[in-house]
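Got the viewer open? Here's a route through the model, one selection at a time.

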Amino acid sequence: MPGFADRIVAWQRTTGRHDLPWQGTRDAYRVWLSEIMLQQTQVATVVPYYRRFVERFPDVAALASADVHEVMRLWAGLGYYARARNLHACARRVAAEHERRFPRTARELAQLPGIGRSTAAAIAAFCFDERAAILDGNVKRVLARQFGVAGFPGAAAVERELWARAESLLPAAAQMPSYTQGLMDLGATICTKTQPRCDHCPVQPTCVALRSGRVDELPAPRPGRSTRTRSAQLLLLVDGDRVLLEQRPGVGIWGGLLAPLQFDRVEEMTTALHALAPGALAQALAPRRHAFTHFTLQFTPHLARCDRPLAAMEPRLRWVDRADIEHAALPAPIRILLRELMAGG
Ligand code: SF4
């Protein structure tokens, strides 16, 4: 009977995905860019971003010499913004320390900003045929089911076991690109989190979870997970066709992006509004929620209108015109909020 890797390779060649815009290249820059964008993000979302990035920054030197704000602006809407900051930092390192060429081994790639062990392995496998194992969230799910590995995959011992499995399964070097792509395709299209399509799965004959009726139980969820909620007050100061936004600091949520002034408490927001626009009144709008990985942000927008120059204007503050809302470096929920707000005139 063919082994696990043989089945994955054969299936990928006949049935897997072959027409993604970052396939058919061994250019480490393009493969790296796609791998970073695909972290925690679906293919359909990534494709237009990838195309825009490659058009604007055709190689690592172009990205390295770009202004970080332009990178953030192009990234806006993809989420997990630390990836964009690391992307830029990584391009600079490759340009400055590696003569504008990505290193050729997973071990060296993993030393670069934003490239973890699994991403380094994917780049090395796709571009240089290295026998390096990937283990992202999708692959953890496939292996946990295929081999009946119990326990939460984020727990250190379980993760160690999954890495050991992943490394023991690798095919010959020449098959690494198809194998790596096949594992990714399987996790994304067949062995999905809910409603996996086991009847179409190339490794169904050896699947422990399927045989023992535990597909729904594996992998185990994070124990005792509770979703924390944080609340925030957002000040939307509007002057005619423009809204006041702040350039957020590089770290923290929405780091490096433009967003309305944010406060923990209504009183703090009112004090800031009076300092900026004495006499202006704020009206609370319906609260909204946005889920981050580790918590949910419940934010209440407060709309205030001002019709005269601000009393104080700090360098981090910026007026953004209604016409620029679609292109500014805004987090997705803020863009939606401003779209609705400014559409009303
Ligand atoms: S048989 Fe089903 S559960 Fe097992 S690896 Fe394939 S899709 Fe996943």
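Before the first click, one definition: a residue counts as near the ligand if one of its heavy atoms lies within 4 Å of it. Keep in mind, too, that this is a predicted model.

**Stop 1: the whole protein**

Show the chain as a cartoon. You're looking at 14 helices and eight strands. Along its principal axes, the C-alpha trace spans about 80 × 50 × 35 Å. The protein has 345 residues, and 48% of them count as buried. Now think about contacts between residues at least 6 apart in sequence: 66% of these join residues at least 24 apart.

**Stop 2: around the ligand**

Select the ligand and then its neighbours. Which residues are around the ligand? Pick Arg145, Gln146, Ile190, Cys191, Cys198, Cys201, Gln204, Cys207, Leu210 and Val215. Colour that shell by class and you get seven nonpolar, two polar and one charged residues.

Next, hide the ligand and look at the space it takes, which is the largest cavity. The structure holds two cavities of 30 Å³ or more. How much space lies in the largest cavity? The figure is about 110 Å³.

Now bring up the walls. There are 14 lining residues, and those nearest the centre of the cavity are Arg145, Cys191, Cys198, Cys201 and Cys207. By class, the lining splits into ten nonpolar, two polar and two charged residues.

Which helices should you highlight here? Try α9 (137-146) and α11 (176-190), as each supplies at least two residues of the lining of this cavity. The most comes from α9, which gives three residues.

**Stop 3: helix α9**

Stay with α9 and select the whole helix. Is α9 largely enclosed or not? Eight of its ten residues are buried, so α9 is largely enclosed by the rest of the structure. To see them, select Val139, Lys140, Arg141, Val142, Leu143, Ala144, Arg145 and Gln146. Now show what these buried residues pack against: α1 (4-15), α10 (156-168), α11 and α12 (208-211).

While you're in α9, zoom in on Lys140, which sits in this helix. Is Lys140 buried or exposed? Its relative accessible area is 15%, and buried means under 20%, so Lys140 counts as buried. For its surroundings, show Leu135, Pro153, Glu159 and Leu162: Lys140 touches these four, leaving aside residues up to four places away in sequence.

**Stop 4: the second largest pocket**

Leave the ligand behind and select Gly79, Tyr80, Tyr81, Phe292 and Thr293. Of the 20 residues that line the second largest pocket, these lie nearest its centre. Two or more lining residues come from each of α6 (82-97), β6 (288-291) and α14 (332-343). The largest share, three residues, belongs to α6.

What volume does this pocket have? About 450 Å³ of space lies in it. Colour its lining by class and you'll find ten nonpolar, eight polar and two charged residues.

**Stop 5: the loop after α6**

Follow the chain on from α6 into the loop between α6 and α7 (106-109), and select Glu99 there. Check its backbone: Glu99 has a positive phi of about 50° although it is not a glycine. Then select Arg100, in the loop between α6 and α7. Arg100 also isn't a glycine, yet its phi is positive, at about 65°.

Are these two residues buried or exposed? Switch on the surface to look. Exposed means over 50% relative accessible area, so Glu99, at 68%, is exposed. Arg100 has a relative accessible area of 55%, so Arg100 is exposed as well.

**Stop 6: a cis peptide bond**

For the last selection, go to Leu218 and Pro219. What kind of peptide bond joins them? The bond is cis, with omega about -10°. Zoom out a little to place it: Pro219 lies in the loop between α12 and β1 (228-239).

**To retrace the route**

Turn the ligand back on and return to the largest cavity, whose space the ligand takes. From there, pick up α9 once more, the helix that gives the most to the lining of that cavity.

Conventions
Residues numbered from 1 in each chain as written. Predicted model: local features only at pLDDT ≥ 70, side-chain atom pairs only at ≥ 80, totals over all residues. Heavy atoms only, no water. 1 Å grid on protein atoms, 1.4 Å probe; cavity = no way out; pocket = protein on both sides within 12 Å on 5 of 7 lines; lining within 4 Å. Sits in = over half its atoms within 2 Å of the grid points. Nonpolar A, V, L, I, M, F, W, Y, C, P; charged D, E, K, R; others polar. Points joined across faces, edges and corners; volume = space filled by probe spheres on them. Helix = DSSP H or I, 4+ residues; strand = E, 2+ residues; numbered from the N terminus. Buried < 20%, exposed > 50% of the residue type's maximum accessible area, 1.4 Å probe, protein only. Contact = heavy atoms within 4.5 Å.
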